[in-house]
Amino acid sequence: NDNSSWGSSSTSGFILLGLSSNPQLQKPLFITFLSMYIVILLGNMLIILVIRSDSRLHSPMYFFLSILSFIDICFTSVIVPKMLVNFLSETKAISYIGCLVQMYFFMAFGNTDSYLLASMAIDRLVAICNPLQYAMVMSDGRCIILAVVSCVISHLHALLRVLLMSRLSFCASHVIKHFFCDTQPVLKLSCSDTSSSQVVVMTETLAVIVTPFLCIIFSYLRIIVAILKIPSASGKWKTFSTCGSHLTIVVLFYGSIIYVYFRPLSSYSVVKDRVATVMYTVVTPMLNPFIYSLRNKDMKQGLGKLRDRIKF
């Protein structure tokens, strides 16, 4: 029975319900998300181009930011193009393998984002609390190791999750009440006993997502202690302002992730979770370039230099 149900899901695939089943909303949603996707691509490509073209931005913080921008492009490209096709499609279908592949890359790139944000927090911690040792501690070699480890751990986590999902059976409804193949709505459809999968998923997710989050919390607690020791108010503000952009992204990214994933499957709410998921899959990657360029003097100067080069 398990084999036949697995076979049916692997041949017929799934139906992605999308953000709304209202036919009149499909074209407005298509235009909205296409516009947002173009902004994500152009904004993040511009960040990468500015960092690569300005030698003053060849520092650990901007090295991680350029990788974060690249990962954000990949992260949204796993979800948004399929989402756009489904807005204009009658069937809104995704194959069983296509669903697992989308789930794999979504988790791999999403977790890499998480680890890169932790690496950037470590960079700010060293820059503020140990400035004399900064060049030695945040050497090029160590930055590359941090980036590679971020990718490897994230891809291994995604592989384990997808292997667990591939063992489940789907015998009744194949309609995923979401706009992409996320783990919670797919688990909801399974007719297998998902309790052991849920335990493994929650435990392993806690280990993978909470580790970088705790690293960020620890880094900022140390930074706050160091800032409080600065005698002048202007000195305090100047030091803290170097963390402002990073902290904004952390709050947006982790706020929505904690809301979606750190609750039992029984309390899963389709509409609320779709909105929260749009926040970290589309809105945060779209805002990243604006937050880092508008609130950052070095990035503004880099953008000015690039604009002048293009003019000539």
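Helices here are DSSP runs of H or I of at least four residues, numbered from the N terminus. The model is predicted.

**Exercise 1. State which secondary structure the chain has over residues 62-81, and how far apart the end C-alpha atoms are.**

Step 1. UniProt, in an unreviewed entry, places a "transmembrane region" at residues 62-81, among other ranges including 29-50.
Step 2. Over residues 62-81 the chain is 100% helix and 0% strand.
Step 3. The end C-alpha atoms of this range are 28 Å apart.
Step 4. Residues 29-50 are likewise 100% helix and 0% strand, with end C-alpha atoms 31 Å apart.

**Exercise 2. Compare the reach of helix 6 with its expected span, and list its buried residues.**

Step 1. Helix 6 covers residues 140-166, with 27 residues.
Step 2. The expected span is 1.5 Å times one less than the number of residues, which for helix 6 comes to 39 Å.
Step 3. From first C-alpha to last, helix 6 reaches 39 Å, close to that expectation.
Step 4. Buried means under 20% relative accessible area. In helix 6 this holds for C143, A147, S150, S154, H157, A158, R161, V162, L164 and M165.
Step 5. An α-helix has 3.6 residues a turn, so residues three or four places apart point the same way.

**Exercise 3. Describe the largest pocket by volume, lining and residue class.**

Step 1. Its volume is about 430 Å³.
Step 2. The lining of the largest pocket has 15 residues, and Y62, S241, T242, N296 and D298 lie nearest the centre.
Step 3. Helix 3 (60-87), helix 9 (233-241) and helix 12 (297-311) each supply at least two lining residues.
Step 4. By class, the lining has 4 nonpolar, 5 polar and 6 charged residues.

**Exercise 4. Find the cavities of 30 Å³ or more and characterise each lining.**

Step 1. The whole structure holds 2 such cavities.
Step 2. The largest cavity has a volume of about 70 Å³. Its lining includes L16, L17, G18, M83, N86, F87 and H178.
Step 3. Helix 3 gives the most to this lining, with 3 residues. The classes are 6 nonpolar, 5 polar and 1 charged.
Step 4. The second largest cavity has a volume of about 50 Å³. Among the residues lining this cavity are L68, D72, D113, I249, Y280 and N288.
Step 5. Helix 3, helix 4 (96-129), helix 10 (244-261) and helix 11 (270-294) give two or more residues to the second lining. Helix 11 has the largest share, 4 residues.
Step 6. The lining of the second largest cavity has 7 nonpolar, 2 polar and 2 charged residues.

Notes: Residues are numbered from 1 along each chain as its sequence is written. This is a predicted model: local features need pLDDT of at least 70, side-chain atom pairs count only at pLDDT 80 or more; totals for chains, interfaces and linings use all residues. Side-chain values use heavy atoms; hydrogens and water are left out. On a 1 Å grid over the protein atoms alone, a cavity is a set of points where a 1.4 Å probe fits but cannot get out, and a pocket is an open set with protein on both sides within 12 Å along at least five of seven lines; lining residues have an atom within 4 Å of a point. Grid points are joined across faces, edges and corners, and a volume is the space filled by probe spheres set on the points. Ala, Val, Leu, Ile, Met, Phe, Trp, Tyr, Cys and Pro count as nonpolar, Asp, Glu, Lys and Arg as charged, and the others, Gly among them, as polar. UniProt positions are given in the numbering used here, feature names are shortened, and annotations may be inferred rather than shown by experiment. Buried means under 20% relative accessible area, exposed over 50%, partly exposed in between (1.4 Å probe, protein chains only).
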